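Welcome, and thanks for taking a look at this one with me. Below are a few numbered points to read with the structure open beside you.

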Amino acid sequence: MTGAPTGGVGGLPDSTAHGGGGIRGFTVLFDASCPLCRAARRWLASRAQLVPLEFVAAGSAEARRRFPGLDHDATLRDLTVIADTGEVYAGDGAWFACLWALADHRSTAERLARPHLMPLARQVVAAASAIRERVRDPRVEPTDELAGYGGPDDRAACADDHCG
């Protein structure tokens, strides 16, 4: 289960995977101790989804129970997405998978996965990861609770992408 994703183009999921039935769902392992990650989770959850996204705190007991073959320390360093077909996406591949799952952003994911834009997309993901490292609370242990979700350090729900 820890192998690189198969099929697809440029790290994007293969919509015909799983016996031709396609991917029917993703589990997103996110860093619940990071305000940036919680905001990204909230934004993803608020969007129309072509492929349903389920969110589980990375490193939590639930994540370890459901995905025993994963390197759970690595899931706390990089966004990780697991397809119901068994493919595992990490880092930029995970971000692409999340965008690809969204009705209004699938074409963006497909564009960013093209060879001429991939270096830029990887730089954006690396910048987001660097910011995450600065804002996350390393003292918080992974938990099944959505740590701080909706707390005072999180922005209000932003359905129109124009939050201040």
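**Notes for a first look**

1. Let us begin with the cysteines: the count of disulfides comes to 0. Please keep in mind throughout that this is a predicted model. C34 takes part in no disulfide, and its nearest cysteine sulfur, that of C37, is 3.2 Å away. Why is there no bond from C37 to C34? The sulfur of C37 lies 3.2 Å from the one in C34, its closest cysteine sulfur, and that is too far for a bond, because a disulfide needs the two sulfur atoms within 2.5 Å.

2. Are these two cysteines buried or exposed? C34 has 0% relative accessibility, so it counts as buried. C37 comes out at 15% relative accessibility and therefore also counts as buried, since the cut-off is under 20%.

3. Now for the overall layout. The chain contains 6 helices and 4 strands, and reading along the sequence gives the pattern β-α-β-α-α-β-β-α-α-α. Of its 164 residues, 40% count as buried. If you look at contacts with a separation of 6 or more, 70% of them are between residues 24 or more positions apart.

4. The start of that pattern deserves a look. Strand β1 (residues 26–30), helix α1 (residues 35–45) and strand β2 form a right-handed β-α-β unit. C37, the buried cysteine from above, falls within the residue range of α1. The strands β1 and β2 run parallel and are joined by 5 bridges. To find one of these pairings on screen, start at F30: its bridge partner in β2 is A57. Strand β2 spans residues 53–57 and is mostly covered, with 4 of its 5 residues buried.

5. Next, the aromatic rings. How many aromatic pairs are there? The count comes to 3. In one of them, the ring centres of F26 and Y89 are 6.3 Å apart and the planes meet at 85 degrees, so the pair is edge-to-face. This pair links distant parts of the chain, as F26 is in strand β1 and Y89 is in strand β4 (residues 88–90), 63 residues apart. Both F26 and Y89 are buried.

6. F26 has another ring partner to point out. The rings of F26 and W100 have centres 6.2 Å apart and planes at 65 degrees, so this pair is edge-to-face, given that planes over 60 degrees apart count that way. Here too, distant parts of the chain are linked: F26 belongs to strand β1 and W100 to helix α4 (residues 92–101), with their positions 74 residues apart. Both F26 and W100 are buried. Through ring pairs, F26, Y89 and W100 are joined into a cluster.

7. What lies over the face of W100? R106 does, at 3.7 Å from the ring centre. When you centre your view on W100, you can therefore pick out the ring of F26 as its edge-to-face partner and R106 over its face.

8. Finally, a word on helix α4, which carries W100. This helix is mostly covered, with 9 of its 10 residues buried. Among them are D92, G93, A94 and F96 in the earlier part of the list, and A97, C98, L99, W100 and A101 after those. A general reminder may help as you turn the helix: an α-helix has 3.6 residues a turn, so residues three or four places apart point the same way.

Notes
Residues are numbered from 1 along each chain as its sequence is written. This is a predicted model: local features need pLDDT of at least 70, side-chain atom pairs count only at pLDDT 80 or more; totals for chains, interfaces and linings use all residues. Side-chain values use heavy atoms; hydrogens and water are left out. Rings of Phe, Tyr and Trp (its six-membered ring) pair if their centres lie within 6.5 Å; planes under 30 degrees apart count as stacked, over 60 as edge-to-face and the rest as tilted. Helices (H or I, at least four residues) and strands (E, at least two) are DSSP runs, numbered from the N terminus. Buried means under 20% relative accessible area, exposed over 50%, partly exposed in between (1.4 Å probe, protein chains only). A charge sits over a ring if NZ of Lys or CZ of Arg is within 6 Å of the ring centre and within 35 degrees of the ring normal. Two strands pair if DSSP finds at least two bridges between them. A crossover is right-handed if, with the strands pointing away from the viewer, the path from the first strand over the helix to the second runs clockwise. Contact means heavy atoms within 4.5 Å.
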